[in-house]
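Reader: I am new to this structure and would be grateful for a close look at a single part of it, the metal site. Please explain the terms as they arise.

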Amino acid sequence: MQVTISSGNNINGTLVLPLFEGEEALPEIVEGIPTTLKSQVNRVLADGDFKAKANATLTLVGTEGGKAMLVGLGTTDKADAHAYREAGATVVASCKKVHGSEMTVVFHDADLACMTSFAEGMMLRDYSYDLYKKKDEDDETTALSARINCNEGDATALSAAIDRAASIVSGVHLSRDLGNCPPNDMYPMAFAQKAELWAEQYENVSVQVIDYEEAKRKGMGGLVAVGMGSSRKPCMVIFTLNGDQKGQHPMLVGKGITFDTGGISLKPGANMDEMKYDMGGSATVFGTMEALASSGYPHKVVGITCMAENMPAANAQRPGDVITTLSGKTIEVLNTDAEGRLVLSDGLWKAGTDYDPEYIVDFATLTGACVVALGHEATGLWSNDDDFRTRIHEAGNDVGELAWPMPLLPAFEKEMTDSKIADTRNLGAGRYGGANTAAAFLKQFVPNRSDDDDAEQITWAHMDIAGTYWGAKTNKMVGYGATGIHVRTMVRLITGE
Ligand code: BES
Ligand code: ZN
Ligand code: ZN
């Protein structure tokens, strides 16, 4: 969707009017609306036929003054940037043929941040995944375009803010495209090829692919064990933005299981198709790199994605196997369906040993237990540093993507390290607390800052997006499918904007 700024009063296409609950007439300052349309709006408001409750819409047609869509922001005290973002998304979600493909938004009493949020909501919600649908020849759906009218003095700043939002949205939509892609076309090396192709457009981005043979040579036992049972072999894809810069930098790590059958510990058949989203963590990393690169972020950021397909096969790993990971630590594989933590063990170790991260954040559709705990409403968030965990929680709140603090207790670590025959086990001892034991397992593979005995562990956070990467029906930015969650959280955390 193209969003442009205009400091004039002209209205192209359908007028979009965001309104506050309780307004009985349009304020006099609202200019440029044809008289007939304005009086129809005022009549609707005066009669109480549109109360402007948050995310309510009403379409007016049939006046000489053109068409309008009224959208509610709720009461003024609650109409913050989040309410504006949702209202913008609601407008796009409610758009029908009758509204046409052009819209002009006329705000009153909105600051720049709120206007930007509204535009961001419109752009975020303007997404469909129809690559695999036959196009009807007479179906001439044209792309939506929106114009935002603002004061002359605000035009330059608003235009820059909306351009930046558009770049970030391109990262969210890339993540969604990757997540929605069917698993016959989205396999580890396909992801790698998409990354290489994507990187060609940026001079300050590089992509390195560690293929199956190299992963074996390097000792990436977790990645290899999970991926070896598939004919589409595993790989690790490393994204580097502004790699020539020295010093510490943020580091992102993603779980990228392009299809999770469970392996020999086979999953039940119902809804197994959803396991194509099991690469949502890697899609988050890739999408964040796009958002940062396209918005011109000037500092260094590195992303590692651990890609594998988890299949049952004659050459697949078995429950009972003991594998040796890149860290040298061994894992007793008690359930091959707990595979995300195996590939991440190598990704986290590499992140902390081959680079000098200020912090590491990993993203993973890791456990069904996290969905049991938090539903589709919030991501589970664990960290070895309380202040860092709070920073992520707050970055998520700032952009409307909830990440809820979860405990990283010593008892959970103990549970995951008490294998009789290996350093760690990939399954908890009982059925409870599965999201927490998974996080405690990952912590075993986060390196210390140095080899000194008293060295601190690298600042690390784990985000379990099993419930929030898809199926999030209350997420107003998303119609269906992959959500692209946490690209915006990460941009906020990393850039501070
Ligand atoms: N990919 C799944 C987790 C998952 C489940 C994501 C439901 C989204 C929705 C993961 O690999 C898995 O299967 N985890 C197991 C772990 C268990 C065997 C310890 C689970 O959650 O049941
Ligand atoms: Zn699994
Ligand atoms: Zn999985």
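Author: The following account begins with the metal site and then turns to a helix residue and the cysteines.

This is a predicted model, in which local features need pLDDT of at least 70 and side-chain atom pairs count only at pLDDT 80 or more, while totals for chains, interfaces and linings use all residues. Residues are numbered from 1 along each chain as its sequence is written, chains are lettered from A and ligands numbered from 1 in the order in which they are written, and side-chain values use heavy atoms, with hydrogens and water left out.

The zinc ion (ligand 2) has as its protein donors D260 (OD), D337 (O), D337 (OD) and E339 (OE), at 2.0 to 2.2 Å. Donors are N, O and S atoms within 2.8 Å of the metal (3.2 Å for Na, K and Ca); water is not among the atoms, so sites may look incomplete. Around the zinc ion (ligand 2), six donor atoms subtend angles of 72 to 168 degrees, and the arrangement is therefore irregular. Four donors count as tetrahedral if all angles lie between 85 and 135 degrees; four count as square planar and six as octahedral if opposite donors are over 155 degrees apart and all others between 65 and 115; anything else is irregular.

Along the chain, the donors of the zinc ion (ligand 2) follow the spacing D-x76-D-x1-E. D260 also coordinates the zinc ion (ligand 3), which lies 3.2 Å from the zinc ion (ligand 2). Because D260 belongs to strand 9 (residues 249-260) and D337 to the loop between strand 12 (330-332) and helix 9 (340-353), the pair ties together parts that are 77 residues apart in sequence. Helices (H or I, at least four residues) and strands (E, at least two) are DSSP runs, numbered from the N terminus. D260 is buried, at 2% relative accessibility, whereas D337 is partly exposed, at 21%. Buried means under 20% relative accessible area, exposed over 50%, and partly exposed in between (1.4 Å probe, protein chains only).

Elsewhere, helix 13 (residues 434-443) contains N436, which is buried at 11% relative accessibility. Beyond its neighbours within four places in sequence, N436 is in contact (heavy atoms within 4.5 Å) with W382, M406, P407 and F412.

As for the cysteines, the structure holds zero disulfides, a disulfide being a pair of cysteine sulfur atoms within 2.5 Å. The sulfur of C150 is 14 Å from the closest cysteine sulfur, in C114, too far for a bond. The sulfur of C306 is likewise too far for a bond, at 9.7 Å from the closest cysteine sulfur, in C235.
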